[in-house]
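The following exercises concern salt bridges and burial. Please consult the sequence and the structure shown here before reading each solution.

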Amino acid sequence: MKIPSISIIGDDSQAGTYVLRIHLKENTTLQFGRFKKGKLISLPAGDYIYIGSALSEKGATSLGRRLIRHATRSRNKPPHAIREKMMHQFAEYGLGNGNLLPRHGKTLHWNVDFLLDLQSAELISIFAIRSPRRLENRIAKWFEHDPHTEVIEPGLGANDAPGNTHLLRLRADDLGWISLTDNAMAVLGENTLNQTNNIEN
């Protein structure tokens, strides 16, 4: 069975919520910007998930632009391999308009930026919900309490959501990832799901 690298569900909104699956190739110690005063955090090799949202219908905080930004590294570093596929498929689905690349390059800002900027980290899967509804914290709380995830540092990735953690370690294989995203949709309810687009590798 071939596992989709990109799954997009929901309506025709340009806004949405998403879950990124990131593979870290080697054990790493990383500062996430100014998070907890620059605390060094140990990251074992393996998979991680990040839950985020982009709730504008246009501009830099629309869903398509935010996801392409995540797949872009800073300065002259090569982008994540999945980025080209994202740009083609987003155009096919009408997600985003025009050139979705960051207009002035990428400056590291969000906690997850510091992980995604590493050459040893690769964005490998995206699960996105096209909807203007605020779903990020609800989905993040569900993932945080799932037995297949682990909090590596409380509050990581959730600077604007006190009490939440949006960057988690994932202990699941490909089929486990599909099961997790399917279960997350079940938690949200059927009304969120109007259509599904899976992109095969």
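**Exercise 1.** Identify the acidic partner with which Arg171 forms a salt bridge, and locate both residues.

*Solution.* Step 1: Arg171 forms a salt bridge with Glu150, and their closest N and O atoms are 2.7 Å apart. The term denotes a side-chain nitrogen of Lys or Arg within 4 Å of a carboxyl oxygen of Asp or Glu.
Step 2: Arg171 lies in the loop between strand S8 (167-170) and helix H5 (174-188), whereas Glu150 belongs to strand S7 (residues 149-150), so the pair ties together parts that are 21 residues apart in sequence. Helices (H or I, at least four residues) and strands (E, at least two) are DSSP runs, numbered from the N terminus.
Step 3: Arg171 is partly exposed, with a relative accessible area of 46%; Glu150, at 31%, also counts as partly exposed. Buried means under 20% relative accessible area, exposed over 50%, and partly exposed in between (1.4 Å probe, protein chains only).

The model is predicted: local features need pLDDT of at least 70, side-chain atom pairs count only at pLDDT 80 or more, and totals for chains, interfaces and linings use all residues. Residues are numbered from 1 along each chain as its sequence is written, and side-chain values use heavy atoms, with hydrogens and water left out.

**Exercise 2.** Determine which residue pairs with Asp117 in a salt bridge.

*Solution.* Step 1: The partner of Asp117 is Lys77, with the closest N and O atoms 2.7 Å apart.
Step 2: Because Asp117 lies in the loop between H3 and strand S6 (121-130) and Lys77 in the loop between H1 and helix H2 (83-93), the pair ties together parts that are 40 residues apart in sequence.
Step 3: Asp117 has 4% relative accessibility and counts as buried, while Lys77, at 28%, counts as partly exposed.

**Exercise 3.** Establish how Asp113 and Arg69 are linked, and describe the surroundings of H1.

*Solution.* Step 1: Asp113 and Arg69 form a salt bridge, their closest N and O atoms being 2.9 Å apart.
Step 2: Asp113 lies in helix H3 (residues 111-116) and Arg69 in helix H1 (residues 63-70), so parts 44 residues apart in sequence are tied together.
Step 3: Both Asp113 and Arg69 are buried.
Step 4: Eight of the eight residues of H1 are buried, so H1 is largely enclosed by the rest of the structure.
Step 5: The buried residues of H1 pack against strand S2 (16-24), strand S5 (46-54), H2, H3 and S6, where contact means heavy atoms within 4.5 Å.
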